[in-house]
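Here are some short exercises to work through with the structure open beside you. Try each task yourself before you read the solution.

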Amino acid sequence: MEHSKSANSKLRWIIVLMLFTFSFGYSQTEKPNIIIINVDDLGYGDIGVQGATKVKTPNINKLAVQGKRFTDFHSASAVCSPSRYALITGRYPARSNLYYPIFLKTPIQIETDRMTLGSLMKKADYQTAIIGKWHLGFGNESPVDWNKPLKPGPLELGFDYYFGVPILNSHPPFVYVENHDVVGLVPEDPFVYGKKAETRFFDEKMGIDEIGGAKAAHQNYNDRMVGTTLKEKAVEWIKAHKEKPFFLYFATTNIHHPFTPAPRFIGTSEAGPYGDFIHELDWMLSEIMNTLDEEGISDNTLVIFTSDNGGMLNRGGQFAREAGHHANGAYLGFKFDAWEGGHRVPFIARWPGKIVPGSTSDQMFSNVDLFATLAAVIGYQPKKDEGPDSVNMLPALIGDPKEPIRENMVIAAGSRNHLSLRKGKWMFIPAQGGGGFGAKHLGDHDFGGAAAFPFTEEINSDIEDGQIKETAAMAQLYNLETDPYESTNVYNQNPKVVAEMEALLKEIITKKQ
């Protein structure tokens, strides 16, 4: 009976997709442009349409009014590099043992023979670009030689153009890379490992003495202008490629620390520099959307806005929390955690004439699903090893299916021991705590975990007085249907569910993909 119900449900989605494909025909002029705006560290509660009051996000709110907002959307990892791997490949990062951020010495993390969103879109003759934060490594050698062409990189993964921040705005090198080359690098002034870079520095920057030299390249990088620079590059690229179908992956450094908005945004929010950085992000979105209008291509452009993971309780996040701003809304935990706050993220999509304006969906999806979804949009059927963990969410974008499309999903945290599984209403975390940051003191950059609970005033049955109880269960199970904010661990009360979840998680992650 259950099998028949599932088969009928899948048949309905196939029919919807066939009708969609037939109606489009996918001629050269009808292929939609596609823009994915992948924001850095923006939490579920960081936008007005999802409860924020100390920051103003009129343009993000407008996008939601014009499109569809998903309330149960997740990053496949609560950590930046693994999350980006999932989005670009349609594959769980745990399959490549990628759990933590990569830094300046780490080579490329995606095999050049693996299909990515870039090479997928080339199948339909799209122009492709990555503008913004890459954070997935360059070259095949460790440490990376920053004085040589940085290849393989995005251009070897199906993208025609790349410009952006190579690692992240908190870690070196603080330069821009265009295609294979560091912008402004000259042979007579090379990079030198172990030397402090000559550039502007803000609080919360790290590893500033790991690589220096390359003074001219470093001087091109002004922290206060990174958002503006990336936005201008994106606008410039869109204008130059509007005549043919294009795919743009726009990965902002907003709102990752250090919080360095352009001067015009300083002091504009009620949540300190954290909130000011959100205000700059909202403006960046408006500039992209205005460009689409000005160039006359809005109606044929699918815009997707999401985040790589939840908000972080760093020093800026702590200040914002004290001011009354809750980055992840009421969801438990923060970036790096297996708890919901670490990976339940904003997701808004606008596609005039295809997506119902002002609509919402409670369908469960992950950023790993964008691969299969874009494949469906262009009418391509991925092979078994292409986007192997990706599920097509197109029926939920353009319609309102009543049956769940995705049955389960794997979520990675900062800790390998916290590789978790969501199945329907159940969230299973195979260890104690969130698996993320755990510094003990307010003011610490990596403040988090149980020690942060007295400050955040979050509630969880396993935690008391800033510590995990001695009587706490060995792992965690939450019924998100009745307890969406994970206040009560019901692991001990549901041994059968736990056994099923443990077995399914092992089956999924050990299956070769």
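**Exercise 1. Find the loop that holds Pro173, and describe the peptide bond that joins Pro172 and Pro173**.

Solution. Step 1: in this predicted model, go to the loop between β4 (161–164) and β5 (177–178), where Pro173 has its place. Step 2: look at the bond between Pro172 and Pro173; omega is about 0°, and the bond is cis. Step 3: put this in context: most peptide bonds are trans.

**Exercise 2. Which kind of peptide bond joins His257 and Pro258, and what is its omega**?

Solution. Step 1: find Pro258 in the loop between β9 (246–251) and α7. Step 2: read omega for the bond from His257 to Pro258, about -5°. Step 3: name the bond: cis.

**Exercise 3. Decide whether Asn97 and Asp465 are buried or exposed, and state the sign of phi for each**.

Solution. Step 1: locate them. Asn97 sits in the loop between α3 (80–89) and α4 (117–122), while Asp465 belongs to the loop between β16 (463–464) and β17 (467–468). Step 2: check phi. For Asn97 the value is near 55° and positive; for Asp465 phi is also positive, about 55°. Neither Asn97 nor Asp465 is a glycine. Most residues other than glycine have a negative phi. Step 3: apply the cut-off, since exposed means over 50% relative accessible area. Asn97 has 52%, so Asn97 is exposed; Asp465 has 70% and therefore counts as exposed.

**Exercise 4. Which residues of helix α8 (residues 315–322) are buried, and what do they pack against**?

Solution. Step 1: walk along α8 and mark Gly316, Gly317, Gln318, Ala320 and Arg321 as buried. Step 2: look for their partners, which are α7 (272–294) and α11 (453–456). Step 3: go just past the end of α8, where Gly324 takes a positive phi of about 100°.

**Exercise 5. Which members of the largest nonpolar core touch the most other members, and which helix gives the largest share**?

Solution. Step 1: pick out the best-connected members among the 61 residues: Leu120, Trp134, Trp146, Phe247, Phe347 and Leu374 touch the most others. Step 2: look at helix α9 (residues 370–378), which supplies the largest share of this core, 7 residues. Step 3: note that another core, of 48 residues, lies apart from this one; Val39, Val55, Val165 and Met284 are among its members. Step 4: zoom in on Trp134, whose contacts beyond four places away in sequence include Arg84, Ile88, Ile110 and Tyr162.

Methods: Residues are numbered from 1 along each chain as its sequence is written. This is a predicted model: local features need pLDDT of at least 70, side-chain atom pairs count only at pLDDT 80 or more; totals for chains, interfaces and linings use all residues. Side-chain values use heavy atoms; hydrogens and water are left out. A nonpolar core is a set of buried Ala, Val, Leu, Ile, Met, Phe, Trp, Tyr and Cys residues joined through side-chain atoms within 4.5 Å. Buried means under 20% relative accessible area, exposed over 50%, partly exposed in between (1.4 Å probe, protein chains only). Helices (H or I, at least four residues) and strands (E, at least two) are DSSP runs, numbered from the N terminus. Contact means heavy atoms within 4.5 Å.
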